[in-house]
Amino acid sequence: LNVHFTAAEGEAFWPLYREYQGLMRANGDLRVNLIREFIISYEEMTDEQAENLLYRSLNIQQDRLDKRRQYAERFAEILPGRKAAKIMQMESKMDAAVDMKLAADIPLVRER
């Protein structure tokens, strides 16, 4: 992260950020598993499978957003507002880059 912390800010921030990254990694693992399942079932996907994947995907997205909100609040408790906002802004940009790559690589569900 390209944020300059005072010694006290860094001491409070880094353990919390590592905790946040662990939760985001676990969420990302769920997303990867869902993508794998999509790829495996792509050719013969049923309507029920498509609907199941859709709602599970939305749940994963909502979980990610909920965690981002929770940790944004926790970061804002220990950092000045601009630093907390910058951190979450950088996280959003990194997520957007991953989302763009996935959107380009993952085909749309086939209609029958």
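Is phenylalanine 13 buried or exposed? Phenylalanine 13 counts as buried, at 0% relative accessibility. The model is a predicted one.

**Aromatic pairing**

Phenylalanine 13 pairs with phenylalanine 75. The two rings are tilted, with 55° between the planes and 5.2 Å from centre to centre. Helix H1 (residues 7-41) holds phenylalanine 13, and helix H2 (residues 47-78) holds phenylalanine 75. The pair therefore ties together parts that are 62 residues apart in sequence. Phenylalanine 75 also has a relative accessible area of 0%; with under 20% as the cut-off for buried, it is buried.

The aromatic pairs number 12 in the count. One aromatic cluster takes in Phe5, Phe13, Trp14, Tyr17, Tyr20, Tyr71 and Phe75.

**Nonpolar cores**

Nonpolar side chains tend to be buried together in soluble globular proteins. Here the largest nonpolar core has 13 residues. Which of its members touch the most other members? They are Phe13, Tyr17, Tyr20, Phe75 and Ile87. Three helices each supply at least two residues of this core: H1, H2 and helix H3 (81-105). H1 gives the most, with 5 residues.

What does phenylalanine 75 touch, leaving aside residues up to four places away in sequence? Its contacts are Phe13, Leu16, Tyr17, Tyr20, Ala84, Ile87 and Met88.

Another core lies apart from the largest one. This other core has 6 residues, including Phe38, Met45, Leu53 and Ile60.

**Salt bridges**

The count of salt bridges comes to 9. Three of these pairs are set out here.

| Salt bridge | N to O distance |
|---|---|
| Arginine 56 and glutamate 37 | 2.9 Å |
| Glutamate 43 and arginine 110 | 3.0 Å |
| Arginine 68 and aspartate 95 | 3.3 Å |

Take arginine 56 and glutamate 37, whose closest N and O atoms are 2.9 Å apart. Arginine 56 lies in helix H2 and glutamate 37 in helix H1, so this salt bridge ties together parts that are 19 residues apart in sequence. Arginine 56 is partly exposed, at 30% relative accessible area. Glutamate 37 is partly exposed too, at 34%.

Where do glutamate 43 and arginine 110 lie? Glutamate 43 is in the loop between H1 and H2, and arginine 110 is in the segment after H3. Their salt bridge therefore ties together parts that are 67 residues apart in sequence. Glutamate 43 has a relative accessible area of 49%, which makes it partly exposed. Arginine 110 counts as partly exposed at 47%.

The side chains of arginine 68 and aspartate 95 meet at 3.3 Å, N to O. This pair links distant parts of the chain: arginine 68 sits in helix H2, aspartate 95 in helix H3, and they are 27 residues apart. Are these two residues buried or exposed? Arginine 68 is buried, and aspartate 95 is buried as well. Shared partners extend the arrangement: salt bridges join Arg64, Arg68 and Asp95 into one network.

**Links between helices**

H1 and H2 are connected by the phenylalanine 13 and phenylalanine 75 pair, and also by the arginine 56 and glutamate 37 salt bridge. H2 and H3 are linked through arginine 68 and aspartate 95.

Conventions: Residues numbered from 1 in each chain as written. Predicted model: local features only at pLDDT ≥ 70, side-chain atom pairs only at ≥ 80, totals over all residues. Heavy atoms only, no water. Phe/Tyr/Trp six-rings, centres within 6.5 Å; stacked < 30°, edge-to-face > 60°. Helix = DSSP H or I, 4+ residues; strand = E, 2+ residues; numbered from the N terminus. Buried < 20%, exposed > 50% of the residue type's maximum accessible area, 1.4 Å probe, protein only. Core = buried A, V, L, I, M, F, W, Y, C linked by side-chain atoms within 4.5 Å. Contact = heavy atoms within 4.5 Å. Salt bridge = Lys/Arg side-chain N within 4 Å of Asp/Glu carboxyl O.
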